[in-house]
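Here's a quick tour of a model you may want open on your screen. Have a look at it first, and then we'll walk through some of its parts.

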Amino acid sequence: MLGEAETSKRVPRTPTKPGEVLHKGEGLKPLEPDEATDFRSMVALTMYMMQWSRPEISNASRGCARVMSNPQVGHEESVRYLARYMVGTPNRVLVLAPQQVWDGDMNFEFVLSGRSDSDYAACKDDRRSVTGSRVFLENAP
């Protein structure tokens with residue numbers, strides 16, 4: 001999906017363009033069937049990488065996944081931008097580095113913490129809320 005011209009551009013600093021929110025039906029025109037298949041394959045790849053090693057792309061990947069049923073030209077540009085970010089930042093991965101290591105003692109106290117955020121009715125297509133959360137064990141996600 002990424003040609004030589006795409007990889008030669010400057011590496012993005014963020015997974016999406018700042019302030020960009022994808023909506024269903026936005027864009028110049030629908031993608032051709034073969035382009036739509038490529039779009040869906042790329043979104044599936046980003047979702048796999050998000051789940052196992054790249055949590056920082058979760059919002060961008062979720063946004064692209066929401067428009068998979070009817071991808072437009074503008075949506076393809078967004079997934080290409082995300083792909084350039086992922087290819088250009090191969091060393092950004094999830095690192096598990098707990099503050100303490102369990103020594104096997106039954107009285108060891110684990111520290112469990114978490115964060116959450118939400119945006120009420122953020123989706124302009126269906127007015128659903130967007131939420132996210134993270135749980136940390138010994139400050140490791």
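Which exposed residues sit on the face of helix 2 turned away from its buried side? They are Pro33, Asp34, Tyr48, Gln51 and Trp52. Exposed here means over 50% relative accessible area, buried means under 20%, and partly exposed is in between (1.4 Å probe, protein chains only). Helices (H or I, at least four residues) and strands (E, at least two) are DSSP runs, numbered from the N terminus.

Some housekeeping: this is a predicted model, where local features need pLDDT of at least 70, side-chain atom pairs count only at pLDDT 80 or more, and totals for chains, interfaces and linings use all residues. Residues are numbered from 1 along each chain as its sequence is written, and side-chain values use heavy atoms, with hydrogens and water left out.

Back to helix 2 (residues 33-52). On its other side, Ala36, Phe39, Met42, Val43 and Thr46 are buried. Looking down the axis of helix 2, the buried residues fall within an arc of 125° (taken from the directions from the axis to the C-beta atoms), so they line one face of the helix. An α-helix has 3.6 residues a turn, so residues three or four places apart point the same way. The buried residues of helix 2 pack against helix 3 (58-66) and helix 4, with contact meaning heavy atoms within 4.5 Å.

Now for the cores. A nonpolar core is a set of buried Ala, Val, Leu, Ile, Met, Phe, Trp, Tyr and Cys residues joined through side-chain atoms within 4.5 Å. The largest one has eleven residues, among them Leu22, Leu31, Cys64, Val67 and Val79. Helix 2 and helix 4 each supply at least two residues of this core, and helix 2 gives the most, with four. A second, separate core of five residues includes Ile57, Ala60, Leu82 and Met86.

Helix 4 (residues 73-88) is also home to His75. His75 is buried, because its relative accessibility is 0%. A polar atom of the His75 side chain lies 2.8 Å from the backbone oxygen of His23.

Finally, two residues in the segment after strand 2 (130-137) deserve a look: Glu138 and Asn139. Neither is a glycine, yet each has a positive phi.

| Residue | Phi | Relative accessibility |
|---|---|---|
| Glu138 | about 55° | 3%, buried |
| Asn139 | about 65° | 42%, partly exposed |

Terms used:
Polar contact = N/O pair within 3.5 Å; in protein donor to acceptor, adjacent residues only side chain to side chain.
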